Amino acid sequence: MELVAGCYEQVLFGFTVHPKPEACGDHEQWTPAADFTHHAHTASLSAVAVNSRFVVTGSKDETIHIYDMKKKIEHGALVHHSGTITCLKFYGNRHLVSGAEDGLICIWDAKKWECLKSIKAHKGHVTFLSIHPSGKLALSVGTDKTLRTWNLIEGRSAFIKNIKQNAHIVEWSPRGEQYVVIMQNKIDIYQLDTASISGTITNEKRISAVKFLSESVLAVAGDEEVIRFFDCDSLVCLCEFKAHENRVKAMFSFEIPEHHVIVTASSDGFIKMWKLKQNKKVCPSLLCEVNTNARLTCLGVWLDTVPDTKASLPPAAEPSPVSKEQSKIGKKEPGNTVHKEEKQSKPNTKKCGLTDDSQKATQESSLVSTKKRKRVEVLEKKREKKKIKAMQ
């Protein structure tokens, strides 16, 4: 596995970690080894996302950079946005969703790296987005004090809810039965079936990151050294532990055989991996830590576990909206590339669903048109018969 973290100093760090399944007990230690440092962006990094093959990073320089982790090369850059990239989310290996301060949410084909759909999502900045586990819905929050639900199959807004403050984080639970909306130090818990708040949790300081550890247990980090685990049903704090010497900026969690791991990154420069206990009232134990000597901002973990069955990926030199020149320059030229993207995305603007439901919708529409044709033919035959009778 590979820990990847971005920082204010414009660098992406990579550290290889080899789990030790034979080790056990609270004194288990893993050893991270420095793999790479990459200085591709011209401003601080603001977001990172991973799938089974790629790592993508977003920055204040308004670009998204792509890294092929299998080949360990830079794959190019996406330059559709005209503001700081605030959030990046993969859905499976086929789609990437990005949000930025330009108010846009873009859906990308993560094989051809084409922009399939560009949605003007918020009147202000898009501050965060989260994709439902089914891939059919997404939630976004922005500086226009709205929480918006998106139908990803149709690529359109499904519901808009006005909220009292600007929210800066929204997150679905693992099964997608509930979601949380974060405003400053307050967590509102919503139930999907009612779309109403079922409870509110208040943290001591402003919240910087949250991660669902199960359907009902939420890990919360903020502008402090402590991480807390909350029960979303009872709203009580299950446990808290000091994770860093400075504020925690990002968290990531994953499961591998015999291990449920949470990874944390802090402004103190450290990335730490913690082994979670089955009983979330018991504080996790430290597996390993590494000091980057940088002010970390975002975090991801690339797990080289899912085989990539399709070998027909676009070559690194010529994915259509990506160019080597743009990735070297790091700044967007306002004309050509975006114009090309828009041309390429036209055939796909009607349907951009992240599931096979878009195909179903197309099939259904073709069935409807066939029925209409048959009705028209029947009516025409009736009219012809009436004309013949009238002539007789």
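In the predicted model, the end C-alpha atoms of residues 38-70 lie 16 Å apart, and this span is 0% helix and 55% strand. For residues 257-284 the corresponding separation of the end C-alpha atoms is 17 Å, with 0% helix and 50% strand in the span. Both ranges appear in the UniProt record, an unreviewed entry, which lists residues 38-70, 78-118, 119-160 and 257-284 under "repeat: WD".

With regard to the protein chain as a whole, the secondary structure comprises three helices and 28 strands. Of the 392 residues in the chain, 54% are buried, and the exposed area of the chain comes to about 18900 Å², of which carbon and sulfur atoms supply 51%. Among the contacts with a sequence separation of 6 or more, 47% are formed by residues 24 or more positions apart.

Within the span 38-70 listed in the record, Lys 60 occupies the loop between β5 (54-59) and β6 (64-68). Lys 60 is classed as partly exposed because its relative accessibility is 49%, a value that falls between the limits of 20% and 50%. When residues up to four places away in sequence are not counted, Lys 60 touches Ala 43, Ser 44, Ser 46 and Thr 84. A further relation in space links Lys 60 to His 41, which is 19 residues away in sequence and, C-alpha to C-alpha, 8.5 Å away.

Turning to the strands β2 and β3, Thr 16 is located in strand β2, which covers residues 12-17, whereas Pro 32 belongs to strand β3, which covers residues 32-38. Thr 16 counts as buried because its relative accessibility of 18% is under the 20% limit. The side chain of Thr 16 makes a polar contact of 3.2 Å with the side chain of Glu 2, and Glu 2 also appears among the residues in contact with Thr 16 once neighbours within four places in sequence are left aside, together with Met 1, Thr 31, Pro 32, Ala 33 and Asp 35.

The contact between Thr 16 and Pro 32 is found again in the list for Pro 32, which, with neighbours within four places in sequence left aside, consists of Thr 16, Val 17, Cys 288, Glu 289 and Val 290. Pro 32 and Leu 287 are 255 residues apart along the chain, yet their C-alpha atoms are separated by 9.9 Å.

Conventions:
Residues are numbered from 1 along each chain as its sequence is written. This is a predicted model: local features need pLDDT of at least 70, side-chain atom pairs count only at pLDDT 80 or more; totals for chains, interfaces and linings use all residues. Side-chain values use heavy atoms; hydrogens and water are left out. Helices (H or I, at least four residues) and strands (E, at least two) are DSSP runs, numbered from the N terminus. Buried means under 20% relative accessible area, exposed over 50%, partly exposed in between (1.4 Å probe, protein chains only). Contact means heavy atoms within 4.5 Å. Accessible areas come from the Shrake-Rupley method with a 1.4 Å probe; for residues, only the protein chains shown count as cover. A polar contact is a pair of N or O atoms within 3.5 Å; within protein, one must be able to donate a hydrogen and the other to accept it, and residues adjacent in sequence count only if both atoms are side-chain atoms. UniProt positions are given in the numbering used here, feature names are shortened, and annotations may be inferred rather than shown by experiment.
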